[in-house]
Amino acid sequence: MNSGFRLLILDDNPADAELAEYTLKSAGISFISRVVETREEYRSALKEFSPDIILSDYDLPLFNGAEAQKTAREVCPDVPFILFTGAMGEERAIEILTGGATDYVMKNRLSRLVPAVERALKEAGEHQRRKKAETERDLLLNSLEARVQERTAELQAEIAVRRRVEEALRDNEAKFRDLFEKTEREKNYIQAILQALPVGLAIVDIKGGTVLSNAEYEKIWGGPRPATLEVADYTAYKAWWSDGKLVEPEEWASSLALAKGETVMGQQMEIQRFDGRRAFVLNSAAPVHDGSGGITGAVVTIMDVSEQKLAEYEVRASERRIRGFFKSDMIGTACWNVEGKITGANDKFLDMIGYTREELRAGLINWMNITPAEYRERDEHAIRELKSTGVNTPFEKEYIRKDGSRIPVIIGGSFDEHLQEGFAFILDNSDRTVC
């Protein structure tokens, strides 16, 4: 039962207001009240007095309960509104309740006043707790989404570095214009340079046939590019766009460079290597021109980004799992830093140890003040195991609840060395005896 709440009474009959106060006090209910009679006093009290519950008569001079209810809904929509009135027809009562009133009590049936007030306060408290929980959930999800976006940005930055390498190759296109007229010795020299490049690179002639390719190119494709391959034979190459559609022969970057003179950067696709395996790549090509501007061939580059793709998928999957654990009310979950301070927890864990979320935010919960002395050596061993392997074997222990009682649990967890943060899963083991 709530106590010490603020009660605003709107009634032009002081005797009725005193009777309502007396009835509530006789039931042992503690409250602070303010009685108002006019519209101006009522609106002012809604803002300054900040009531937790409103008790309003219906028939007032130049003012009625329906208007009072509408005003309360505008100023403080979450505050319970109970109509406290004399005789009232059924039609009017239905109008008041459908308009948002919590309840109504007839003045000649005061026995209903106490349960009506208690029920209204209880429902208001539950509503506030739900709103608070929803706000905290939204904050947590926003935080997790920010971490996903941060990791995605890091991956994109890594890809951008490799793209700059490709752009540097494109900017040096003039160095390759005379490639096809070089002597064998000069070709070998260029071949050696190409082999040292960190991206796959191939040079093709105007028909699409391979002049040369480097080791990284062959590594990505799982073998050398066929020397006799022409654009018309590109159907032998298998690749798919991100939407699952097959890459057509004329859509390849090298095809566009040879046929239209376009420089195509960073085609994202999934290729089927010559050995049958698949890989995610960024495929690019730029045309090579002769002195008169005619196209004589193309420079093709390819970069394997499979690891980055897999890392991105793993980050997103991990974040989805973490969201699921934090939403769950079947098992307690908590985050903690290297100092042992608990930095985040779900409602289930807070219920297990008897602390509030306000106390969590205030930094009042850490492993030391909720762990009995006899379990601290085992905890230290578990933390060492976490820091060395990233995970630990679940074990049984007890926690000291806020009220001094103990609760047996089974705990396991993981530790992120990069973030220097631990994540624990705590199962209520009250039905068993701790070993």
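This report walks through a predicted model of one protein, from its overall make-up to a few residues worth finding in the viewer.

## The whole chain

Let us start with the broad picture. The protein has 435 residues, and 41% of them are buried. Its secondary structure consists of 13 helices and 18 strands. Taking contacts between residues at least 6 apart in sequence, 53% join residues that are at least 24 apart.

## The largest nonpolar core

A good place to look next is the largest nonpolar core, which has 23 residues. The members that touch the most other members are Ile342, Phe349, Ile365, Trp367, Ile370, Tyr399 and Ile426. Several elements give two or more residues to this core, including the strands β14 (332-337), β15 (342-345), β16 (391-400), β17 (406-416) and β18 (421-428). Helices do so too, namely α10 (347-353), α12 (367-370) and α13 (376-389). Apart from this core lies another one, of 22 residues, among them Ala239, Ala285, Val300 and Ile302.

Two members of the largest core deserve a visit of their own. Tryptophan 367 touches Ala334, Trp336, Gly340, Ile342, Phe349, Tyr399 and Ala424, leaving out residues up to four places away in sequence.

The other is tyrosine 399, found in strand β16. Is tyrosine 399 buried or exposed? Its relative accessible area is 0%, so tyrosine 399 is buried. Beyond its neighbours within four places in sequence, tyrosine 399 is in contact with Phe349, Ile353, Trp367, Ile370, Thr371, Pro372, Ser405, Arg406, Ile407, Val409, Ile411 and Ile426. One of these contacts can be followed along the backbone as well: the C-alpha atoms of tyrosine 399 and isoleucine 370 are separated by 5.3 Å, although the two residues are 29 apart along the chain.

## A pocket beside familiar names

Some of these names return in the second largest pocket, which holds about 330 Å³ of space. Its lining has 22 residues, and Trp336, Trp367, Asp379, Glu380 and Ile383 lie nearest its centre. The elements that give two or more residues to the lining are β14, α12, α13, β16 and β17. Which element gives the largest share of the lining? That is α13, with 6 residues.

## Charged pairs

Now for the charged side chains. Side chains of opposite charge can pair when their charged atoms come close. The structure holds 19 salt bridges, and the table shows some of them.

| Pair | Closest N to O distance |
|---|---|
| Lysine 131 and aspartate 78 | 2.9 Å |
| Aspartate 103 and arginine 112 | 3.2 Å |
| Arginine 273 and aspartate 275 | 2.7 Å |

The salt bridge between lysine 131 and aspartate 78 links distant parts of the chain, with their positions 53 residues apart. Lysine 131 sits in helix α5 (residues 113-171), while aspartate 78 belongs to the loop between α3 (65-75) and β6 (81-85). Lysine 131 is partly exposed at 38% relative accessibility, and aspartate 78 is partly exposed at 37%.

In the other two pairs, a buried residue meets a partly exposed one. Aspartate 103 is buried, at 9% relative accessibility, whereas arginine 112 is partly exposed, at 27%. Arginine 273 counts as buried at 12%, and its partner aspartate 275 is partly exposed at 39%.

Salt bridges can also be followed beyond single pairs: Asp11, Asp16, Asp57 and Lys107 are linked in a network of them.

## A buried glutamate without a partner

Glutamate 21 lies in helix α1 (residues 14-26). It is buried yet has no salt bridge. Why is there no salt bridge for glutamate 21? A salt bridge needs a nitrogen and an oxygen within 4 Å, but the nearest side chain of opposite charge, lysine 25, is 5.4 Å away. Not counting residues up to four places away in sequence, glutamate 21 touches Ile9, Phe31, Ser33 and Val35.

## A buried asparagine

Our last stop is asparagine 283, in strand β12 (residues 278-289). Asparagine 283 has a relative accessible area of 4% and is therefore buried. Leaving aside neighbours within four places in sequence, asparagine 283 is in contact with Trp252, Ala253, Val264, Met265, Gly266, Gln267, Met269, Val300, Thr301 and Ile302. Val300 and Ile302 are also among the residues of the 22-residue core.

Conventions. Residues numbered from 1 in each chain as written. Predicted model: local features only at pLDDT ≥ 70, side-chain atom pairs only at ≥ 80, totals over all residues. Heavy atoms only, no water. Helix = DSSP H or I, 4+ residues; strand = E, 2+ residues; numbered from the N terminus. Buried < 20%, exposed > 50% of the residue type's maximum accessible area, 1.4 Å probe, protein only. Lys, Arg positive; Asp, Glu negative; His and termini not counted. Contact = heavy atoms within 4.5 Å. Core = buried A, V, L, I, M, F, W, Y, C linked by side-chain atoms within 4.5 Å. 1 Å grid on protein atoms, 1.4 Å probe; cavity = no way out; pocket = protein on both sides within 12 Å on 5 of 7 lines; lining within 4 Å. Points joined across faces, edges and corners; volume = space filled by probe spheres on them.
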